[in-house]
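Open the viewer and take this tour one selection at a time. Start wide, then zoom in.

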Amino acid sequence: MATATITDSERHSALQRMKRVATAMLIGAAVVFAVAYWLQDTYEWAGYLRAAAEGAMVGAIADWFAVTALFRHPLGLKIPHTAIIPTRKNEIGATLGSFVEHEFLSDEVVRRKLSGLALTRRVGAWLTVPANAERVAGEASRAGLAVLNLLSDDEVESFVAEVARRHLFEPEWAPAIGRLGAQVVAADQQRAAVDALLVQAQGWLTEHPGSFGVSHRLPAWVPKAVHQLIDDRVHAEALHFVAAVRDDPHHPLRGAIDRYLAKLADDLQHEPAMIARIERIKRDLLESPRVREFSDELWAQLKAGLSTALADPNSALRAGFTRALADIGGRLATDTGLQHSVDAWATAAASDLVARFRGEIAGVITETVERWDPRETTEKLELQVGRDLQFIRINGTVVGALAGLAISAIAVNLHALF
């Protein structure tokens, strides 16, 4: 604010100084005219001086009138076509807006300017500088953190719940699960899961031999040694069976499992009772308060994690983002094909954007000028260009003097000839 005030003050001082210079030249010309007029009958050269001074006064007064008429009525007299700026302010604003719209924001101008910028290559080269990539990452992180802080937790949680309800819970689950299961069985991808279960079962049986006992069901009169023998035998047979199923890709149990899974996948897609059963499970899950608690906890943890990562300049997220920006910059700076593609896209997007809002941009200029106070507008414009316009008055004084002198000399010489 202080800088703008000082600048306006300096401009005002310069304007007043130039006005005094131009006015002084007019007064000087009037003084010279008066003296020359008094001496012209005595000295021949005084006639030429009078003509020059007279021309200077005419030029100075005419240009003073022209310059003054731009901003106000000369001497307060409401002469037609004076005070042009305050009386025609709105028309000037509309003309300026139209000029900007058609001359500065035309498709040809925008495309030509953007095409010659090599914008993609410049941006890419700028991003390859580590400090610049870190700066962009930092600014983006601060913007992301601000957005996170502005978001209402309740609104986000409600939004997540609504999205989950609409896209996750409203569709029937059973057909989708059945189709996925059918694809898994058709691709024989269930075998990996069966193998993993068999390996786990074999490991568990090996580590817990006593938990597989069945001898407690025998009569009490059976000797303890027989109990142990039977338990060991059953445990060994179970291990042998699991190992056999694991090692034999064509074991009957594997075939039975495959047929069961294929039947289950088909029932999930086409059996009404199975579909209704899955829907009941889904409804029970949806109505469970734990689901909402889970979504709330998920958002809280996600927000806390993102906030911490975005706020920490040394976080893995910030570091990864910085590296990604540098990599993108390197590609943009060196890949000519990518440069052409991005430049073409940016030019087309900017041209379309300008074409779409060209009228609104020009309208801003027109509306802004219309809102200006006429007197204030006049003062602002005079402050900006008034000093230069005073040179018109000065030049008019000089040119008028030369023109008056030339005309007088020609007239005197022609009179002497004839």
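Select every residue of the protein chain and colour by burial. Of its 418 residues, 26% count as buried. Keep in mind that this is a predicted model.

Now switch to cartoon. How many helices and strands does the protein chain have? There are 17 helices and zero strands. The radius of gyration is 47 Å, while the globule rule gives 22 Å for 418 residues, so the chain is more spread out than a compact globule.

Turn the view along the principal axes. The C-alpha atoms fill a box of roughly 165 × 45 × 40 Å.

Next, show contacts. Take those between residues at least 6 apart in sequence: 71% of them join residues at least 24 apart.

Put a surface on the protein chain. About 27500 Å² is exposed. Carbon and sulfur atoms supply 64% of that area.

Colour the charged side chains. You will find 44 positive and 51 negative ones. The centres of the two sets lie 3 Å apart.

Time to zoom in. Select residues 336-371, which form helix H16. Within this helix, pick Ala350.

Is Ala350 buried or exposed? Ala350 is partly exposed, because its relative accessible area is 22% and the buried class takes in values under 20%.

Last stop: keep Ala350 selected and add Asp107. The two residues are 243 apart along the chain. Draw a distance between their C-alpha atoms, and the separation is 9.5 Å.

Note on methods
Residues are numbered from 1 along each chain as its sequence is written. This is a predicted model: local features need pLDDT of at least 70, side-chain atom pairs count only at pLDDT 80 or more; totals for chains, interfaces and linings use all residues. Side-chain values use heavy atoms; hydrogens and water are left out. Helices (H or I, at least four residues) and strands (E, at least two) are DSSP runs, numbered from the N terminus. The radius of gyration is taken over C-alpha atoms; the globule rule is 2.2 Å times the number of residues to the power 0.38. Buried means under 20% relative accessible area, exposed over 50%, partly exposed in between (1.4 Å probe, protein chains only). Contact means heavy atoms within 4.5 Å. Accessible areas come from the Shrake-Rupley method with a 1.4 Å probe; for residues, only the protein chains shown count as cover. Lys and Arg count as positive and Asp and Glu as negative; His and the chain ends are not counted. The place of a charge is taken as NZ of Lys, CZ of Arg, CG of Asp or CD of Glu.
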